[in-house]
Amino acid sequence: MSAAGESGRTQQMRAQAKDLEQAAERATDPQERQRLKDKARQLKEQSEHAGGTGKPGIDPTVSSR
């Protein structure tokens, strides 16, 4: 997958996690709220592993030599 595609996918995951967090805040059922929070946390973790921390200019695949 290209770097641009990876970045786009990572951004989508982060946006979806944010949406889930907002939905969790609005949820009235405690079990649903926890389920949404857990799903948001999972997506955040996946996006961090898939796209790094989101800091521009850092590419771990490029050697400094």
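## Exercises on a predicted two-helix model

In this predicted model, Arg41 and Glu45 form a salt bridge whose closest N and O atoms are 3.5 Å apart. The exercises below start from this pair and then move to other parts of the chain.

### Exercise 1. The network around Arg41

Task: Find which residues are joined with Arg41 into one network by salt bridges that share partners.

Solution.

Step 1. Place the starting pair. Arg41 and Glu45 are 4 residues apart in helix α2, so about one helical turn separates them. Glu45 counts as partly exposed, at 37% relative accessibility.

Step 2. Look for another partner of Arg41. Asp38 also forms a salt bridge with Arg41, and here the closest N and O atoms are 3.9 Å apart. The cut-off for a salt bridge is 4 Å, so a distance of 3.9 Å falls within 4 Å.

Step 3. Place Asp38. Asp38 and Arg41 lie 3 residues apart in helix α2, which again means a separation of about one helical turn. The relative accessibility is 28% for Asp38, which is partly exposed, and 41% for Arg41, which is partly exposed too.

Step 4. Join the pairs. Arg41 takes part in the bridge with Asp38 and in the bridge with Glu45. Asp38, Arg41 and Glu45 therefore belong to one network, joined by salt bridges with shared partners.

### Exercise 2. A salt bridge between helices

Task: State which parts of the chain are tied together by the pair Lys44 and Glu21.

Solution.

Step 1. Take the distance. The side chains of Lys44 and Glu21 meet in a salt bridge of 2.6 Å, N to O.

Step 2. Place both residues. Lys44 is in helix α2 (residues 30–51) and Glu21 is in helix α1, so the pair ties together parts that are 23 residues apart in sequence.

Step 3. Check the exposure. Lys44 is partly exposed, with a relative accessible area of 36%. Glu21 is partly exposed as well, at 28%.

Step 4. Set the pair in the whole structure. A search of the whole structure finds 4 salt bridges, and among them is the one between Lys44 and Glu21. As a general point, side chains of opposite charge can pair when their charged atoms come close.

### Exercise 3. Leu36 and the nonpolar core

Task: Decide whether Leu36 is buried or exposed, and find which residues make up the largest nonpolar core.

Solution.

Step 1. Place Leu36. This residue lies in helix α2.

Step 2. Compare its accessibility with the cut-off. Buried means under 20% relative accessible area, so Leu36, at 8%, counts as buried.

Step 3. List its contacts. Apart from neighbours within four places in sequence, Leu36 is in contact with Leu20, Ala23, Ala24 and Ala27. Leu36 and Leu20 are 16 residues apart in sequence, while their C-alpha atoms are 5.7 Å apart in space. Seen from the other side, Ala27 touches Glu32, Arg33 and Leu36, not counting residues up to four places away in sequence.

Step 4. Name the core. The largest nonpolar core has 8 residues in all: Met13, Ala17, Leu20, Ala24, Ala27, Leu36, Ala40 and Leu43. Helices α1 and α2 each supply at least two residues of this core, and the largest share, 4 residues, comes from α1. In soluble globular proteins, nonpolar side chains tend to be buried together.

### Exercise 4. Thr10 and Arg9

Task: Say which of the labels buried and partly exposed applies to Thr10 and which to Arg9.

Solution.

Step 1. Place both residues. Thr10 is found in helix α1 (residues 3–26), and Arg9 lies in helix α1.

Step 2. Read the accessible areas. Thr10 has a relative accessible area of 3% and is buried, whereas Arg9, at 35%, is partly exposed.

Step 3. Look at what lies around them. Leaving aside neighbours within four places in sequence, Thr10 is in contact with Ser47, Ala50 and Gly51. Arg9 and Ser47 are 38 residues apart in sequence, with 8.1 Å between their C-alpha atoms.

### Exercise 5. The chain as a whole

Task: Find how many helices and strands the chain has, and what percentage of its residues count as buried.

Solution.

Step 1. Count the elements. The chain has 2 helices and 0 strands.

Step 2. Take the buried share. Of the 65 residues, 17% count as buried.

Step 3. Add the contacts. Among contacts in the chain with a separation of 6 or more, 56% are between residues 24 or more positions apart.

Step 4. Add the surface. The accessible surface of the chain is about 5,300 Å², and 48% of this belongs to carbon and sulfur atoms.

Definitions and conventions
Residues numbered from 1 in each chain as written. Predicted model: local features only at pLDDT ≥ 70, side-chain atom pairs only at ≥ 80, totals over all residues. Heavy atoms only, no water. Buried < 20%, exposed > 50% of the residue type's maximum accessible area, 1.4 Å probe, protein only. Contact = heavy atoms within 4.5 Å. Core = buried A, V, L, I, M, F, W, Y, C linked by side-chain atoms within 4.5 Å. Areas by Shrake-Rupley, 256 points an atom, 1.4 Å probe, with all protein chains shown as cover.
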